[in-house]
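The following exercises concern a predicted model. Each task is followed by a solution that proceeds step by step.

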Amino acid sequence: MEANCASKRSCRIFEFLESSIGKKIMVAAAGILLCGFLVTHLAGNLLMFVGGPAFDHYAEALVHNPLLPVAELGLLALFLLHIVLSIRATLANRAARPEGYQVYKGKGARTPGSRTMAVTGLLILAFIIVHVATFKYDVGGLKGQVAGQEESLFAHVLGWFANPWYALFYVLAVGGVGFHLSHGVQSALQTFGVNHPRYTPALKRLGLAFAVLIFVGFASLPVYFGFFHKADLACCAPVEGGSK
Ligand code: HEM
């Protein structure tokens with residue numbers, strides 16, 4: 001495509017993003033950085049097992065960090081870059097494939113994870129929209145409904161997980177995250193050239209182990225607080241007539 005850009009440099013960036021390898025590299029780089037976010041988010045969330053005060057203290061420190069808005073904008077940019085470029089790369093691949101072309105389905109060619117990348121990607125997007133709307137922006141108005149715990153993010157999260165359908169939705173959604181990562185991590189490493197007959201099988205296992213860890217780690221929260229430890233809410237009865 002003929003680029004109409006302001007300077008030689010911006011032209012080169014534009015051409016890089018338009019090339020198929022450029023898109024792959026950017027999708028992979030954003031994906032790896034998003035994995036970094038998942039690890040830190042999981043580490044923070046696991047504090048819920050330590051207890052409400054530990055989790056709330058961590059959340060408070062995060063909210064008061066002046067760098068938070070920058071980190072949030074960076075995170076949003078990474079999600080958008082990853083989504084938009086992966087959709088464009090998939091469409092370009094499909095357009096380039098001749099009519100009636102059959103993909104080689106030999107050993108190791110396609111895995112359930114690789115075949116469902118678009119579906120799991122869409123599931124994750126839907127999950128993030130619901131997740132951020134309910135947990136961060138309090139759509140559904142559950143915040144402050146637990147007597148004596150109005151300021152507590154811990155009580156807010158527990159309130160949502162007390163709904164078994166909501167907790168189940170989380171388990172399914174983080175299952176989608178795990179499935180997406182089971183192919184995504186090793187695919188990203190291969191894009192960066194980590195591809196060697198000797199090391200590739202080990203890297204594939206590493207990618208799979210990471211995906212399983214992320215799934216088990218995130219799923220443990222809705223499972224435990226949704227189905228085994230709802231009792232924590234007993235300490236704090238809902239505000240009398242307090243529905244919004
Ligand atoms: C299943 C367990 C999870 C729990 C308990 C959890 C908890 C939370 C909470 C409490 C917040 C709001 C923090 C605030 O009010 O500032 C939040 C924000 C967020 N979560 Fe999760 N989360 C989980 C899984 C995930 C997963 C799997 C993803 C990504 C695929 C994710 C992505 C996000 C994003 C993008 C935000 C907004 C971050 C921001 O703008 O500061 N979360 N999460």
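**Exercise 1. Determine where Ala28 lies and whether Ala28 is buried or exposed.**

Solution. Begin with the secondary structure: Ala28 belongs to helix H2. Next, consider the neighbour count. Ala28 has 21 C-beta neighbours inside 10 Å. A residue is buried if 20 or more other C-beta atoms lie within 10 Å of its own. Ala28 therefore counts as buried.

Then turn to its contacts. Leaving aside residues up to four places away in sequence, Ala28 touches Ala188, Thr191 and Phe192. Finally, compare sequence and space for one pair: 156 residues separate Ala28 from Gly184 in sequence, while their C-alpha atoms are 8.0 Å apart.

**Exercise 2. Describe how H8 and H9 are arranged relative to each other.**

Solution. First, take the geometry: the axes of the two helices, H8 and H9, come within 8 Å and cross at roughly 170 degrees. Angles over 145 degrees count as roughly antiparallel. H8 is therefore roughly antiparallel to H9. The contact of H8 with H9 comprises, by class, 21 nonpolar, 6 polar and 1 charged residues.

**Exercise 3. Characterise the shell around the ligand.**

Solution. Start with the residues: there are 18 around the ligand, and Glu72, Phe135, Lys136, Phe218 and Leu221 come nearest. Assign them next to elements. Those giving two or more residues to the shell are helices H2 (20–45), H4 (68–96), H6 (117–136), H7 (153–161), H8 (164–191) and H9 (200–228). H6 gives the most, with 6 residues. Lastly, sort the shell by class: 13 residues are nonpolar, 3 polar and 2 charged.

Definitions and conventions: Residues are numbered from 1 along each chain as its sequence is written. This is a predicted model: local features need pLDDT of at least 70, side-chain atom pairs count only at pLDDT 80 or more; totals for chains, interfaces and linings use all residues. A residue is near a molecule or strand if its C-beta atom, placed from the backbone, lies within 6 Å of it. Helices (H or I, at least four residues) and strands (E, at least two) are DSSP runs, numbered from the N terminus. Ala, Val, Leu, Ile, Met, Phe, Trp, Tyr, Cys and Pro count as nonpolar, Asp, Glu, Lys and Arg as charged, and the others, Gly among them, as polar. Axes are lines fitted to C-alpha atoms, for helices over the stretch in contact, and angles run from 0 to 180 degrees between N-to-C directions. Angles under 35 degrees count as roughly parallel, over 145 as roughly antiparallel, 65 to 115 as roughly perpendicular and the rest as oblique. A residue is buried if 20 or more other C-beta atoms lie within 10 Å of its own, exposed if 12 or fewer, and partly exposed in between; C-beta atoms are placed from the backbone. Two residues are in contact if their C-beta atoms, placed from the backbone, lie within 7 Å.
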